Structure formats: structure tokens, C-alpha cells
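Hi,

Here is the structure I promised to pass on. Have a look at it first, and then read my notes underneath.

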Amino acid sequence: MRIKCRSISRGTAEGEVLLTHDPISFLGNVDPNTGTIVETEHELYGQCIKDRVLVFPHGKGSTVGSYVLYQLIKNDVAPAAMINTESEPIVAVGAIISGIPLVDKMEKDPFDILKNGDHVKVDGSTGCVETDN
Ligand SMILES: C/C(=C\C(=O)O)CCOP(=O)(O)O
């Protein structure tokens, strides 16, 4: 299935979905050295976002979160791509400066059609998500 969406950060990547209904504050929720979610109250607590297609509603928290995304890339523990319900500037800027493909506003609700472990391809250049479903 091929689903249209809005392009936020260019590039193409694929991987397994890691999905959360919780917004993410990259400063504070994520360890920049390991890519592990360290916020105990977060739905993904203890999980590693490295090489995953990270699906979450939007970012939150400090603007320093953009730089944390850049740290994740430099430390080789970044998500392969990201899908938001609706991106905000912190995650958008972080994805763009880090070269992580990012899309939002999928024509189908990602929380209805994606689940953890699904293999998806994200094209942040043309604005589409391809699933095996
Ligand atoms: C750049 C900032 C702090 C620092 O250098 O550590 C300010 C960030 O402000 P937020 O209100 O957290 O976005």
C-alpha cells in the first residue's frame, strides 16, 4: 500500500516501525549516546529508536531537541526515518539538519494502519509511505 503524505525532510529510508501515541521530547526523553528512550513515564521506555521508522504524534519540549536529533545521527543511533501526525518545528528542524527523512499528515491515520514491526519505506522527498500491507 502506498500512502501520500506531506514531505518535511527529504531522503528515503526503510525499516521496522516503532510506534508510540506519546509525543517525544528529544531532550530528556532520549539518551543521545544510545538512542534509548529513558523517560520512565514514556510508552517506549527502555526501547531503542536506532534504525527504526519512528511513528509518533509530534515533538514536544525544548528546542534543544533539534540538536539531540543531530547527536543521534553523529552517534549512529538515530531512527532511519520518522512519521508524525503533524510535525512541529523542533522535530522538523532536527530531521532536516540531520538528514533524517520525515513526513507527516498521512492520508490514512498511521495509528490505524501501522503497528510495531511492520516494514515500511518512507520517501521524504516525494511525500509517501509504502507498507507491505
Ligand atoms: C539554547 C538553550 C539552552 C542551552 O544552551 O542549553 C535554550 C533552550 O530553550 P528552550 O526553552 O529549552 O527551548
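Below is what I found in it, starting with the sheet and ending with the annotated site.

One thing to keep in mind: this is a predicted model.

The sheet. There is an open sheet of eight strands, in the order β1-β8-β7-β3-β4-β5-β6-β2, and the pairing is mixed. At the edges you'll find β1 (2-4) and β2 (6-9); each has a single partner strand, so one side of each is left without a neighbour in the sheet. On average, neighbouring strands are turned by 30° against each other, direction ignored.

Two of the pairings show what "mixed" looks like here, and β3 takes part in both. On one side, β3 (residues 12-19) runs antiparallel to β7 (residues 119-123), and five bridges join the two. If you want a spot to check, Ala13 has Val122 as its bridge partner in β7. With β4, in turn, β3 pairs in the parallel sense, over three bridges. There, Leu19 stands opposite Val55 of β4.

The helix across it. α3 lies across β2, β5 and β6, and runs at about 65° to β2.

The core. The largest nonpolar core has 36 residues, and the ones with the most contacts inside it are Val53, Val55, Met82, Ile83, Leu102 and Val129. Several elements give two or more residues to this core, namely β3, α1 (26-29), β4, α2, β5 (81-84), α3 (89-98), β6 (102-104) and β7. Ile83 is a handy place to start looking: leaving aside neighbours within four places in sequence, Ile83 is in contact with Val53, Val55, Val103, Met106, Pro110, Val122 and Val129. Val122 in that list is also the bridge partner of Ala13, and Val55 is also the residue opposite Leu19.

The annotated site. Which residue does UniProt list for "active site"? In an unreviewed entry, the residue listed is Ser62. Ser62 sits in the loop between β4 (53-56) and α2 (65-74). Is Ser62 exposed, partly exposed or buried? Ser62 counts as partly exposed, because 14 C-beta neighbours lie inside 10 Å. Apart from neighbours within four places in sequence, the contacts of Ser62 are with Ser25 and Leu27.

That's what I have for now. Shout if anything is unclear.

Cheers

How values were computed. Residues numbered from 1 in each chain as written. Predicted model: local features only at pLDDT ≥ 70, side-chain atom pairs only at ≥ 80, totals over all residues. UniProt positions renumbered as here; feature names shortened; annotations may be inferred. Helix = DSSP H or I, 4+ residues; strand = E, 2+ residues; numbered from the N terminus. Buried ≥ 20, exposed ≤ 12 C-beta atoms within 10 Å, placed from the backbone. Contact = placed C-beta atoms within 7 Å. Pairing = 2+ DSSP bridges. Core = buried A, V, L, I, M, F, W, Y, C linked by C-beta atoms within 7 Å. Axes fitted to C-alpha atoms, helices over the stretch in contact; angles between N-to-C directions.
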